[in-house]
Amino acid sequence: MTVATSQVAPDAWRQLASMSLAVVLLGPDLRIAGANPAAEQFLGQSIRRIAGKRLFDLVRFDEPRMLARVHETDAPLSARDAGALILGVGSRRLDVTVSPVTETPGWQVVTLQDASAAEALGEDPGTTEDSVLRAPEILAHEIKNPLAGIRGAAQLLGRKVADKDRALTTLIADEVDRIAKLIDEMQTLSRRTTAPVAPCNLHEAVRRARAVIDAAGKGVRIEEEFDPSLPPVLGSADALVQVLINLLSNAAEACAVQAAARIVVRSRFSSGLQLHAVSDGKPVRLPIELRVSDNGPGVDPAMRDHIFEPFVTSKKSGQGLGLALVRKLVRDMNGRITHERDEARGWTHFRIHLPLAPEPKGPRPATQREQP
């Protein structure tokens, strides 16, 4: 950097501290010798806690060759959109540069940046599913402000209505909280992160979604055919509820024209299906199936191969993002969703396949493991 002689340049540390880019200084043993405030925030730890630790114990890249290249301390490295797991923070897609320090053998300067940051500044990320679903991030502020007002109004109403109606005001407040949380999670889509997964009661998620559909007055009977012996699945409870609300709402609208409209939600074991996990590519068994079926006329045959793509819809007022979001949420849980039409019987089926939650360590009562 060249500075005019009439000006006094700030020292190197002040320059680094002013950068929004995470900058880490590595010693010859690849241990952290320094970090600017942006790096502390990026790694989620202060310099006091990370000093002396190996950077690549804190940032574990999916590509093994990354670490090998960094060990070549005399060669610069630049990598874009590299998958990595940041300890205590989660999975990220990163743009990374590694630069040898001039005339100081073994020392390197590393910069780390969320790969989505460059896209947000105007680079064309391509017409990917993630980029299309980035719209909720832009609208988050405008959506969450009125949601807070709705929640407050529901709480006030809850103090004035009769006891028999209070469950509805509680439902409104709970749904506002769930939607606000979902918006927060969708804001992370631009960073290509996924919601944390935990053991979930699949049938409880169905009943939460049913309560929302019933409260909306869709007027369609929803039947349950549950296998009560199913153990918990590994997923995000709120994401499951959102997936089911979308599917049940679509089913209700699809079969509303029928004289005897029916929606059936069925759960069962379905062995044999296996996919590769989104996070690490390892095979994952998906033995739990949840099927949402309706006896409506079904999707236009010309659109059936594209219904999970963004902006594909047969609704006059629809935006075509509902099923695209459903697929994204299911994939984030290492699950799979498919669609099929049974013309002979007049039914449309959406099948969700999900992984089992790991068995808890130690003895556990059977009643806690079973789903109602």
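Trainee: At what angle do H10 and helix H11 pack, and how far apart are their axes?

Mentor: First, the ground rules. This is a predicted model, where local features need pLDDT of at least 70, side-chain atom pairs count only at pLDDT 80 or more, and totals for chains, interfaces and linings use all residues. Residues are numbered from 1 along each chain as its sequence is written, and side-chain values use heavy atoms, with hydrogens and water left out. Helices (H or I, at least four residues) and strands (E, at least two) are DSSP runs, numbered from the N terminus. Axes are lines fitted to C-alpha atoms, for helices over the stretch in contact, and angles run from 0 to 180 degrees between N-to-C directions. Here H10 and H11 (residues 237-255) pack at about 50 degrees, with axes 8 Å apart.

Trainee: Which class of packing do H10 and H11 fall into?

Mentor: Angles under 35 degrees count as roughly parallel, over 145 as roughly antiparallel, 65 to 115 as roughly perpendicular and the rest as oblique. H10 and H11 are therefore oblique to each other. Contact means heavy atoms within 4.5 Å. On the H10 side, the contact residues include Leu 202, Ala 205, Val 206 and Ala 209. On the H11 side, Leu 240, Val 241, Leu 244 and Leu 248 are among them.

Trainee: Which residues of H10 are buried?

Mentor: Start with the general pattern. An α-helix has 3.6 residues a turn, so residues three or four places apart point the same way. Buried means under 20% relative accessible area, exposed over 50%, partly exposed in between (1.4 Å probe, protein chains only). In H10, Leu 202, His 203, Ala 205, Val 206, Ala 209, Arg 210, Val 212 and Ile 213 are buried.

Trainee: What happens at the two ends of H10?

Mentor: Asn 201 caps the N-terminal end, with a side-chain oxygen 3.1 Å from the backbone nitrogen of His 203. Just after H10, Gly 217 takes a positive phi of about 70 degrees.

Trainee: Which residues other than glycine have a positive phi?

Mentor: Most residues other than glycine have a negative phi, and most peptide bonds are trans. Two cases to look at are Glu 103, with phi near 60 degrees, and Asn 334, at about 60 degrees. Glu 103 lies in the loop between strand S5 (90-100) and strand S6 (108-114). Asn 334 sits in the loop between helix H12 (322-332) and strand S14 (336-342).

Trainee: Are Glu 103 and Asn 334 exposed or partly exposed?

Mentor: Glu 103 is exposed, at 78% relative accessible area. Asn 334 counts as partly exposed, at 22%.

How values were computed
Polar contact = N/O pair within 3.5 Å; in protein donor to acceptor, adjacent residues only side chain to side chain.
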